[in-house]
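Here are some exercises to work through with the model open beside you. Try each task before reading its solution.

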Amino acid sequence: MTLNKPHHRCFSFLLLLLPLLLQFYSVKSDLQLSYYAQSCPNAEEIVKQQVIKLYNKHGNTAISWLRNLFHDCMVKSCDASLLLRSANGIESEQESDRSFGMRNFKYVNTIKEALEKECPMTVSCADIVALSARDGVVMLGGPRIEMRTGRKDSKQSYLAEVENTIPNHNDSMQLVLSRFQSIGIDAQGTVALLGAHSVGRVHCVNLVHRLYPTVDPTLDPEHAEYLKRRCPTPDPDPKAVLYSRNDLQTPMVLDNNYYKNLLKHKGLLLVDQQLTSDPSTSPFVEKMAADNGYFHDQFARAIILLSENNPLTEDQGEIRKDCRYVNTE
């Protein structure tokens, strides 16, 4: 059978277009569900059991896993560059002011060691960051998220890029939205991801500008008095244990109380409270405050987008033996 000319031209055009489409989708398609099914069948279960074990000893690790994902994936790629220590010419991203308050990095290697015993040099640190975040979300009462794996680890750190990619707590909402939009997360997804502030705590260093010398008028006066008791001076010691919980009702549950508190003007960070005043985000705040299921659905969608930001392909990265250092061999 021969193709007539119109069909032949169309077919030829599709053949020309196919390599471009394959190139466009190749990086994302390298990630897949159950990537380690053949090479390390128990990999995801090992991560899960380690996350549970660590949570039972140190509950705040679940929050750390979630923050690790955000800080790693917002900077260039989900490639575990965040985990690299300063050594051999590498300047760690952990030294950035944006990383203030981050902790529990040592326990990433606890998970890595368990995986190395089962399947040496097989599971990437980047996938540990993603899977531990997924399982940490469950420990915090959040949704179960189906997450693809197959990421490779970077061979370098991007300290200089951190401040240009990770939003700060006092940035304008438009700047925050643009930073997330740059990796494909829309306003609805941004509002959902900020719902991670439902868990954990905020150091007084990041609060006092809303309390002193005068109280921010967008802050509930009674809540401001409570915060002043938590943060009694305008110049707190960054190394001191001075903080307030994000959510006083359910501080270790990833739920929509965060949005309910925002509508009561009880957001701790300026970026939180701006969600209610910006017309591009406020409708989503109201909807999430009214429906925890909707919040969880949108949170899961946004986490997947975040976790799949620009993953490294086989030839671009490696599988680190120790998550803190690039391989030397």
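Which residues lie nearest the centre of the largest pocket, and how many residues line that pocket? A quick note before the solution: this is a predicted model, where local features need pLDDT of at least 70 and side-chain atom pairs count only at pLDDT 80 or more, while totals for chains, interfaces and linings use all residues. Residues are numbered from 1 along each chain as its sequence is written, and side-chain values use heavy atoms, with hydrogens and water left out.

**Exercise 1: the largest pocket**

Find the centre of the pocket, then work outwards to its lining.

- Step 1. Go to Arg67, His71, Phe100, His197 and Arg201, which lie nearest the centre; 47 residues line the pocket. (A pocket is an open set of points on a 1 Å grid over the protein atoms alone, where a 1.4 Å probe fits, with protein on both sides within 12 Å along at least five of seven lines; lining residues have an atom within 4 Å of a point.)
- Step 2. Note the space inside, about 1300 Å³, a volume filled by probe spheres set on the points.
- Step 3. Trace the elements that each give at least two lining residues: helix H3 (61-73), helix H7 (173-181), H8, strand E1 (201-203), strand E2 (243-245) and H13. (Helices, H or I with at least four residues, and strands, E with at least two, are DSSP runs numbered from the N terminus.)
- Step 4. Pick out H3, which supplies the largest share, 7 residues.

**Exercise 2: a proline in a loop**

Locate Pro238 and say what it touches.

- Step 1. Look in the loop between helix H9 (221-230) and E2, where Pro238 sits.
- Step 2. Check its accessibility: at 47%, Pro238 counts as partly exposed. (Buried means under 20% relative accessible area, exposed over 50%, partly exposed in between, with a 1.4 Å probe and protein chains only.)
- Step 3. List its contacts, leaving out residues up to four places away in sequence: Phe100, His203 and Val205. (Contact means heavy atoms within 4.5 Å.)

**Exercise 3: one side of a helix**

Work out which side of helix H12 (residues 282-290) is buried.

- Step 1. Mark its buried residues: Ser282, Val285, Met288 and Ala289.
- Step 2. Look down the axis: these residues cover an arc of only 125 degrees, which puts them on the same side of H12. The arc is that of the directions from the helix axis to the C-beta atoms.
- Step 3. See what covers them: helix H8 (187-194), helix H10 (257-263), helix H11 (270-277) and helix H13 (292-307) are included.

**Exercise 4: unusual backbone spots**

Hunt for backbone angles that go against the usual pattern. Most residues other than glycine have a negative phi, and most peptide bonds are trans.

- Step 1. Try Ala80, with a positive phi near 65 degrees. Ala80 lies in the loop between H3 and helix H4 (106-118) and is buried, with a relative accessible area of 0%.
- Step 2. Move to Asn104, whose phi is also positive, about 70 degrees. Asn104 is in the loop between H3 and H4 and is buried at 13%.
- Step 3. Finish at the peptide bond from Tyr212 to Pro213, which is cis, with omega near -5 degrees. Pro213 belongs to the loop between E1 and H9.

**Exercise 5: the whole chain**

Zoom out and describe the protein chain.

- Step 1. Count the secondary structure: 13 helices and 2 strands.
- Step 2. Take the span of the C-alpha trace along its principal axes, about 80 × 50 × 35 Å.
- Step 3. Add burial: 50% of the 329 residues count as buried.
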